Amino acid sequence: MQIIEQKKAFQQALLSWYEAEKRDLPWRRTNNPYYIWISEVMLQQTRVDTVIPYYERFIEKFPTMQDLSEAKEEEILKMWEGLGYYSRVRNLQSGVREVVETYGGEVPNTREKISALKGVGPYTAGAILSIAYGVPEHAVDGNVMRVLSRILLIEEDIALPRNRKIFEQAVMELISEEDASSFNQALMELGAVICTPNPRCLLCPVRDFCIAFEEGKQQQLPIKLKKQKKKYVSLAAFAIQNEEGKWLLQKRPGTGLLAGLWEFPMVELQELDAVETFEKDTGLKLKKVTELTRFSHLFSHITWDIHAYRAQLEDVTSKEPLNFYTKEQIEALPKSKPVMKIIESIDW
DNA sequence: GAGCCGTGGTA
DNA sequence: TTACCAAGGCT
């Protein structure tokens, strides 16, 4: 394989470009393994521009692992509000607690130990090891698979998990032992700004090493076959006020979609009328029902069609205790995007 | 291994 | 508007 023979030249071209062109990102100004860890978790399936303000606020609120360890779930969810994939922050806290308790507050520096931490998979383990500690370990994400599939003309389906090891082995062949941190970040940076899905090959620092470019196949790579079908769910949400003007809110279950976030009571609609379905499902009686808004919210795998209503309770005596909150209290609770959209439609 | 788990940007 | 994407991991 010709690129292996030119390994040193490839490394130099890539690293020189990275040193000259790399973006000035907050987490590139530190080697603190805890901060690198936070950034890597936030960056999972999430764009750099989105992450930056969350990262800044998070390390300001929880500057040390001790601080994060002692935080309440409500606090950490609030700091994650709007970022998505909320289990990430619970797993992060769980992993940090384990480091504090088991490793004396020192993030371990071997793949085996660090991979055992909650929320740390093969990519994040390699990223922390190489970026924070300089360990020459692979950190294969979507960028790296796209970049290497082109440079090495790897035509295996990157949607299949078992093909990851092809790319991990390739990185271990090519990685710079002297600067594993910059090498791994450079591959990702290249994928983020040059070797994008629509590649800008004329600006590429390693064009001369790219087999796909040589053969004009860069647009056809990477091969990604799997595509998911979406589910559609129709929901009715009710913003219900009591006599004091407070609003009925409930917390979602601790696992699953939008786990632990707060929302107005919702029911899934089949054929029945929204009010009828709600009263049947909850045992509550509504009055003064008016329509608030209707919109769709797209998740990665589900589409919610939400009908939102404003209402009051006909019968305040309920078997279960109902919790009502003021506008100020609601603003302080962690909420999902759909809920925030409903709130925006309310004429307070 | 396939499905689940958010959100915002982009063509 | 639709579809796909973006520094993945868990079950």
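1. A polar contact is a pair of N or O atoms within 3.5 Å. With that cut-off in mind, one can turn to W27, where an N or O atom of the side chain is 3.4 Å from a base nitrogen of DNA strand C. The model under review is a predicted one, and its distances should be read as values computed from that prediction.

2. The surroundings of DNA strand C deserve a careful look. There are 24 residues around this strand, and the closest are Q45, T124, D141, N143 and P197. When the atoms of DNA strand C that lie within 4 Å of the protein are sorted by type, 67% belong to sugar or phosphate, while the rest belong to bases. Sorted by class, the residues of the surface near DNA strand C are nine nonpolar, eight polar and seven charged.

3. Two helices can be picked out in that surface, since α9, covering 122-133, and α10, covering 142-151, each supply at least two residues of the surface near DNA strand C. A further polar contact with this strand involves D141, whose side chain has an N or O atom 2.4 Å from a sugar or linking oxygen of DNA strand C.

4. Q45 is worth following through several descriptions. This residue is found in the loop between α3 and α4, and its phi is near 60°, which is a positive value in a residue other than glycine. Q45 is also among the closest residues to DNA strand C, and a backbone N or O atom of Q45 lies 2.6 Å from a phosphate oxygen of that strand.

5. The helices on either side of that loop also pack against one another. Helix α3, residues 33-42, and helix α4, residues 48-61, meet at an angle of about 145°, and their axes are 10 Å apart; the crossing in which α3 passes α4 is right-handed. On the α3 side the contact is made by Y34, Y35, I38, S39 and M42, and on the α4 side by V51, Y54, Y55, F58 and I59. Divided by class, the residues of this contact are nine nonpolar, one polar and no charged.

6. DNA strand B has its own set of neighbours. Of the 21 residues around DNA strand B, those that come nearest are R47, Y86, K231, L258 and K337. Among the atoms of DNA strand B within 4 Å of the protein, 62% belong to sugar or phosphate and the rest to bases. The surface near this strand divides into eight nonpolar, nine polar and four charged residues, and β6 (286-298) and α16 (337-344) each supply at least two residues of that surface.

7. Several polar contacts to phosphate oxygens of DNA strand B can be listed for a reader who wishes to check them in the model. A polar side-chain atom of Y86 lies 2.8 Å from a phosphate oxygen of the strand, and a polar side-chain atom of K337 lies 2.7 Å from a phosphate oxygen. For L257 the atom concerned is a polar backbone atom, which is 3.1 Å from a phosphate oxygen of DNA strand B.

8. Two remaining features concern the chain itself. An unreviewed UniProt entry lists residues 42-193 as "domain: HhH-GPD"; in the model this span is 64% helix and 0% strand, and its end C-alpha atoms lie 19 Å apart. Elsewhere, L221 and P222 are joined by a cis peptide bond with omega about 0°, and P222 is found in the loop between α13 (211-215) and β1 (231-241).

Note on methods:
Residues are numbered from 1 along each chain as its sequence is written. Chains are lettered from A and ligands numbered from 1 in the order in which they are written. This is a predicted model: local features need pLDDT of at least 70, side-chain atom pairs count only at pLDDT 80 or more; totals for chains, interfaces and linings use all residues. Side-chain values use heavy atoms; hydrogens and water are left out. A residue is near a molecule or strand if one of its heavy atoms lies within 4 Å of it. A polar contact is a pair of N or O atoms within 3.5 Å; within protein, one must be able to donate a hydrogen and the other to accept it, and residues adjacent in sequence count only if both atoms are side-chain atoms. Ala, Val, Leu, Ile, Met, Phe, Trp, Tyr, Cys and Pro count as nonpolar, Asp, Glu, Lys and Arg as charged, and the others, Gly among them, as polar. Axes are lines fitted to C-alpha atoms, for helices over the stretch in contact, and angles run from 0 to 180 degrees between N-to-C directions. A crossing is left-handed if the near helix is turned anticlockwise from the far one by less than a right angle, and right-handed if clockwise. Contact means heavy atoms within 4.5 Å. UniProt positions are given in the numbering used here, feature names are shortened, and annotations may be inferred rather than shown by experiment.
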